[in-house]
Amino acid sequence: RVVETRFFVDPTIKTKKTRVLSSGVENKRGHRYHYQIDVAGALCFPRCDYVVPPYVLGVWLGDGTSVSPRINMSPEDAEIVKREFEQLGVPISCEWTHPQTGVVTFSFAGPKHKPRNSFSREMKDLSLICNKHIPRKYLYSDQASRLELLAGLIDTDGSYDAKHGRYRFITASKRLADDVAELVRLCGVACHVNKQKMDERDRKIKATCATYTVSFFPNFEIPCRLTRKRNQG
């Protein structure tokens, strides 16, 4: 694709000179818009009542098993997140460790062969099982709840670049990437979503699929529980 240039006529100039709106290839490195407007602030909505706390939902969307309310994490991160779940009123019902990888899996769905608890019922009612996405009630809520949800997402599939002050969230789900991008924009910050294919030449990768990276520079503190992912403090 050739380099694009967009023009417009400046009405304030009598000679009707054209000025370049952008340069480079759209969605590629080096593409720049020469004119910008201020980013809108965070949208305000009434706080919703949640069965599954926003932080818990964010963790499940990032590191959860899509078919049930279970989380898969490294042992160090799992200890911190489990304590947070308990403090939020979401008890851990069972836990086990993979003998080869050491990955910890813990559940908040209740014991096996028992009726599902309120958390798993709510996730089913929100059509989250086998369908990871951010429900509208979590997007259109108060700012504090949205930041809690964002913190859960970052504590799992996110990373923080302290040098540049940038967050990245990576997922293989386009729908989830678009939802996270909408969440960030509702918080009052601009963000970008980039699609990237996995390198087919890497012999360690048995199958290829696209990944989506949501990147943004927040102007507020995100209440991540993992210290390495906090942008302040």
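These are my notebook entries on a predicted model, covering confidence, one strand and two helices.

**Entry 1: confidence.** I began with the pLDDT values and found a chain mean of 85, with 83% of the residues at 70 or more. Over residues 1–5 the pLDDT is below 50, and this stretch has 11 contacts in the model beyond near neighbours in sequence. Where pLDDT is low, the predicted coordinates should not be read in detail, and I have left that stretch without further comment.

**Entry 2: strand β4.** I then looked up which way the side chains point along β4, residues 70–73, and found that they alternate: I71 and M73 point to one face and are buried, whereas R70 and N72 point to the other and are not buried. This follows the general pattern, since in a regular strand the side chains alternate between the two faces of the sheet. For the pairing of β4, I noted that 4 bridges join this strand to β6, residues 104–107, and that the two run antiparallel. Opposite I71 in β6 I found F106.

**Entry 3: helix α1.** Next I checked the cover of α1, residues 54–63, and recorded that 10 of its 10 residues are buried; among them are Y55, V56, V59, W60 and D63. I also asked what covers these buried residues, and the elements I listed include β4 and α2 as well as α3 (118–125), α4 (136–139), α5 (143–157) and α6 (174–186).

**Entry 4: α1 against α2.** I looked at how α1 packs with α2, residues 75–87, and noted an angle of about 145° with the axes 10 Å apart; the crossing is left-handed. The contact is made by Y55, V56 and V59 on the α1 side and by V81, E84 and F85 on the α2 side. By type, the residues of this contact divide into 5 nonpolar, no polar and 1 charged.

**Entry 5: two acidic side chains of α2.** Is E84, which lies in α2, buried or exposed? I entered E84 as buried because its relative accessible area is 13%, under the 20% cut-off. Leaving aside neighbours within four places in sequence, E84 is in contact with Y55 and R225. The C-alpha atoms of E84 and V56 are separated by 8.7 Å, although these residues are 28 apart along the chain.

I treated D77, also placed in helix α2, in the same manner: D77 counts as buried because its relative accessible area is 11%, again under 20%. Not counting residues up to four places away in sequence, D77 touches L226 and R228.

Note on methods: Residues are numbered from 1 along each chain as its sequence is written. This is a predicted model: local features need pLDDT of at least 70, side-chain atom pairs count only at pLDDT 80 or more; totals for chains, interfaces and linings use all residues. Side-chain values use heavy atoms; hydrogens and water are left out. Buried means under 20% relative accessible area, exposed over 50%, partly exposed in between (1.4 Å probe, protein chains only). Two strands pair if DSSP finds at least two bridges between them. pLDDT is the predictor's confidence in each residue, from 0 to 100. Contact means heavy atoms within 4.5 Å. Axes are lines fitted to C-alpha atoms, for helices over the stretch in contact, and angles run from 0 to 180 degrees between N-to-C directions. A crossing is left-handed if the near helix is turned anticlockwise from the far one by less than a right angle, and right-handed if clockwise. Ala, Val, Leu, Ile, Met, Phe, Trp, Tyr, Cys and Pro count as nonpolar, Asp, Glu, Lys and Arg as charged, and the others, Gly among them, as polar.
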